[in-house]
Amino acid sequence: MNTQNKSRVVLLACGSFNPITNMHLRMFELARDFLHNSGMYEVVGGIISPVSDGYGKAGLITSKHRCAMVERAIQTNEWIRLDTWECDQPTWTETAKVLHHHQNFLDSIVNSNKSSSSLNKKQKLDYDQINANTVRTTNYMPMWDLSNFVQVKLLCGADLLESFGVLNLWKDEDIADIVGNFGLVVITREGSNPQRFIYESDLLTKYQNNIYLVTEWITNDVSSTRIRRALMRGESVKYLVQDSVIQYIKEHKLYQALDMLTDEIDWTTFVD
């Protein structure tokens, strides 16, 4: 399929990122490969959106530190950026609202670009608009092609998909909005059965064509909870998180207290 005929996508991952791990980054790569290989999509960019401090999860360090670690983890990445809108909110924001914020924001840039008179002006607008909502300590900034419409899709793990079945956790209208109007790209693990879960849900079956299941065949069970546990025990996490993130953790003496550890499942965000 010609590039001009492909649907253009921006992947959005919401979560605690407490701290960001290599698996978080790997999810983006897996999703992009899957969508590109389908022949139907072109992935324009990726957004990491840390949850607000107002969420109040046990062991959640401040967004200042979590964003700084994300920033360092992606400092040389060519297509993923950190966005601080969600974590700048005083309270936790529903996922559907986060998706709508980013879709509306990108739509405004695309519309402005279409009204621009020159390519140079369009490129500058892309950079300035995105950078205005992004935290960076370096001059490096990924450039996205926002000359035409892009669709935001939610990138998440299989646990999130299955959480749609937890009683009173999600509103049906929010699930319909997220899956029907945006779409899910779900990174699954060996042993999970998301196809059956979708089949057993009338609501998800209705929108099943907008749910993309990506299997991670190279098993990687890294989680932020396990990283925090290892750090509190003084154990090495090298090769599990970026070296720049490890250095930041050491410099700021993060994840040292026992109350930083929690094994509870975080249903309201998509990646721990």
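# A walk through the fold, starting at α2 and α10

K64, H65, A68, M69, R72 and A73 of α2 touch S244, V245, Y248, I249 and H252 of α10. Sorted by class, the residues in this contact of α2 with α10 come out as six nonpolar, three polar and two charged. Before going on, keep in mind that what you're looking at is a predicted model.

How do the two helices sit against each other? Helix α2 spans residues 63-73, and its axis and that of α10 come within 8 Å and cross at roughly 150°. Angles over 145 degrees count as roughly antiparallel, and therefore α2 and α10 get that label. As for handedness, α2 passes α10 in a right-handed crossing.

Let's stay with α2 for a moment. How many of its 11 residues are buried? Nine of them are, so to speak, under cover, and α2 counts as mostly covered. The buried set is S63, H65, R66, C67, A68, M69, V70, E71 and A73. Elements that cover these buried residues of α2 include α1, β2, β3 (80-82) and α10. So α10, the helix we began with, turns up again here as one of the elements over the buried residues of α2.

Walk back along the chain from α2 and you meet G56, which sits in the loop between β2 (41-50) and α2. Is G56 buried or exposed? With a relative accessible area of 60%, G56 is exposed, because anything over 50% falls in that class. G56 also pairs up with T91 in an interesting way: the two are 35 residues apart in sequence, and their C-alpha atoms are 8.8 Å apart in space.

Now for a second helix pair. Helix α3 (residues 95-115) and helix α6 (residues 172-182) pack at an angle of about 30°, and their axes are 9 Å apart. The crossing of α3 past α6 is left-handed. On the α3 side, the contact uses T95, A96, L99, H100 and Q103, and on the α6 side it uses D174, D177, I178 and F182. In class terms, the contact of α3 with α6 is made of four nonpolar, three polar and two charged residues.

Then there's α9 (224-232), which leads into the loop before α10 (243-252). Which residues of α9 are buried? They are S224, T225, I227, R228, A230 and M232. Among the elements that cover them is α1, which also helps to cover the buried residues of α2. Just after α9, G234 takes a positive phi of about 75°.

That brings us to the backbone geometry. Most residues other than glycine have a negative phi, and most peptide bonds are trans. A few spots in this model are worth a look with that in mind. The peptide bond from N18 to P19 is cis, and its omega is near 5°. P19 belongs to the loop between β1 (7-15) and α1 (22-37). N168, in the loop between α5 (158-163) and α6, is a residue other than glycine with a positive phi, near 65°. Its relative accessible area is 73%, so N168 counts as exposed. Y239, in the loop between α9 and α10, is another non-glycine residue with a positive phi, near 75°. Y239 has a relative accessibility of 68%, so it is exposed too.

Step back and take in the whole chain. The protein chain has 10 helices and six strands, and 51% of its 272 residues count as buried. Where do its contacts come from in sequence terms? Of the contacts with a separation of 6 or more, 80% join residues 24 or more positions apart.

Finally, a word on confidence. The mean pLDDT of the protein chain is 86, and 83% of its residues reach 70 or more. Two stretches fall well short of that level. Over residues 135-140 the pLDDT stays under 50, and the model gives this stretch 18 contacts beyond four places in sequence. Residues 263-270 also have pLDDT below 50, with 28 contacts in the model beyond near neighbours in sequence.

Terms used
Residues numbered from 1 in each chain as written. Predicted model: local features only at pLDDT ≥ 70, side-chain atom pairs only at ≥ 80, totals over all residues. Heavy atoms only, no water. Axes fitted to C-alpha atoms, helices over the stretch in contact; angles between N-to-C directions. Helix = DSSP H or I, 4+ residues; strand = E, 2+ residues; numbered from the N terminus. Left-handed = near helix turned anticlockwise from the far one by under 90°. Contact = heavy atoms within 4.5 Å. Nonpolar A, V, L, I, M, F, W, Y, C, P; charged D, E, K, R; others polar. pLDDT = per-residue confidence, 0-100. Buried < 20%, exposed > 50% of the residue type's maximum accessible area, 1.4 Å probe, protein only. Parallel < 35°, antiparallel > 145°, perpendicular 65-115°, else oblique.
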